[in-house]
Amino acid sequence: MSPQRSTPTRRTTATQELKILQRIIETISYHLDLDHVLREIITMVDSVAHADEVFLYLLKGNELVLRAAKSEAAEALSTVRLRIGEGITGWVAQHRKPVRLSTQAYEDRRFYAFTNLRADKYEAFLSLPLLYHDKLIGVLNVQHRATHTFTD
């Protein structure tokens with residue numbers, strides 16, 4: 001048996017992840033405009049995920065408010081709100097655990113369809129809690145129209 005080696009793909013992915021984290025830190029350091037920082041985060045996540053849609057919700061009181069999106073209209077931002085526990089996104093906020101659905105995400109019992117968003121029928125759905133020192137600050141959603149397997 002030959003010794004197990006780390007694959008170039010994993011090394012490349014780790015390098016990409018570090019570059020993204022560095023860009024996020026630089027963006028936050030240089031720009032105090034929250035909307036600009038959130039748009040940059042969406043762009044950086046999409047550069048790795050190549051998603052059809054990326055949503056970033058921030059916690060405000062007991063609600064998650066949509067603050068940034070890859071392609072959703074600007075007027076939809078801040079009007080889309082979810083209570084903690086509502087929909088997949090609210091479930092992720094409540095339990096502070098990610099959800100990965102590779103296919104038929106819209107069939108998940110937690111799925112919540114919005115009437116004021118263009119995006120609502122995606123096959124694959126990744127939802128991640130955003131935590132700062134164990135405190136929930138928001139949720140990030142990455143969505144694909146086609147079946148997609150999300151890796152660790």
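These are my notebook entries on a predicted model, ordered by what I looked up.

**Nonpolar cores**

I began with the largest nonpolar core, which has 16 residues, and asked which of them touch the most other members; these are Tyr57, Leu64, Ile88 and Leu101. I then looked up where the core residues come from, and found that strand S1 (53-60), strand S2 (63-69), helix H3 (87-95), S4 and S6 each give two or more residues to this core. A second core, separate from that one, has 15 residues, and I noted Leu38, Ile41, Val45 and Leu126 among them.

For Ile88 I listed the contacts, leaving out residues up to four places away in sequence: Ile88 touches Val99, Leu101, Ala105, Asp108, Arg110, Phe111, Phe125 and Ser127.

**Aromatic rings**

I searched the whole structure for aromatic pairs and came away with 1. The pair is formed by Phe55 and Tyr57, whose ring centres are 6.3 Å apart and whose planes stand at 75° to each other, an edge-to-face arrangement. I can call it edge-to-face because the angle of 75° is over the 60 degrees required for that class. I also checked whether the two partners are buried or exposed: Phe55 is buried, with a relative accessible area of 3%, and Tyr57 is likewise buried, at 1%.

Turning to charges over rings, I found Arg110 lying over the face of Trp91, with 4.7 Å to the ring centre. Arg110 had already appeared in my list of the residues that Ile88 touches.

**Ile20 in helix H1**

I placed Ile20 in helix H1, which spans residues 8-30. I count Ile20 as buried because its relative accessible area of 14% is under the 20% cut-off. Beyond residues up to four places away in sequence, Ile20 touches Met44, Ser47 and Val48. I also looked up the spacing to Ile41, which is 21 residues away along the chain, and noted a C-alpha separation of 8.8 Å. Ile41 is one of the residues of the second core.

**Positive phi outside glycine**

Which backbone angle drew me to Gln104? Its phi is near 50°, a positive value in a residue that is not glycine. Gln104 sits in the loop between strand S4 (99-101) and strand S5 (124-132), and with a relative accessible area of 44% it is partly exposed.

I made a parallel entry for His133, whose phi is also positive and near 50°. His133 belongs to the loop between S5 and strand S6 (135-144). I record His133 as exposed because its relative accessible area of 65% is over 50%.

Technical notes
Residues numbered from 1 in each chain as written. Predicted model: local features only at pLDDT ≥ 70, side-chain atom pairs only at ≥ 80, totals over all residues. Heavy atoms only, no water. Helix = DSSP H or I, 4+ residues; strand = E, 2+ residues; numbered from the N terminus. Buried < 20%, exposed > 50% of the residue type's maximum accessible area, 1.4 Å probe, protein only. Contact = heavy atoms within 4.5 Å. Phe/Tyr/Trp six-rings, centres within 6.5 Å; stacked < 30°, edge-to-face > 60°. Lys NZ or Arg CZ within 6 Å of the ring centre and 35° of its normal. Core = buried A, V, L, I, M, F, W, Y, C linked by side-chain atoms within 4.5 Å.
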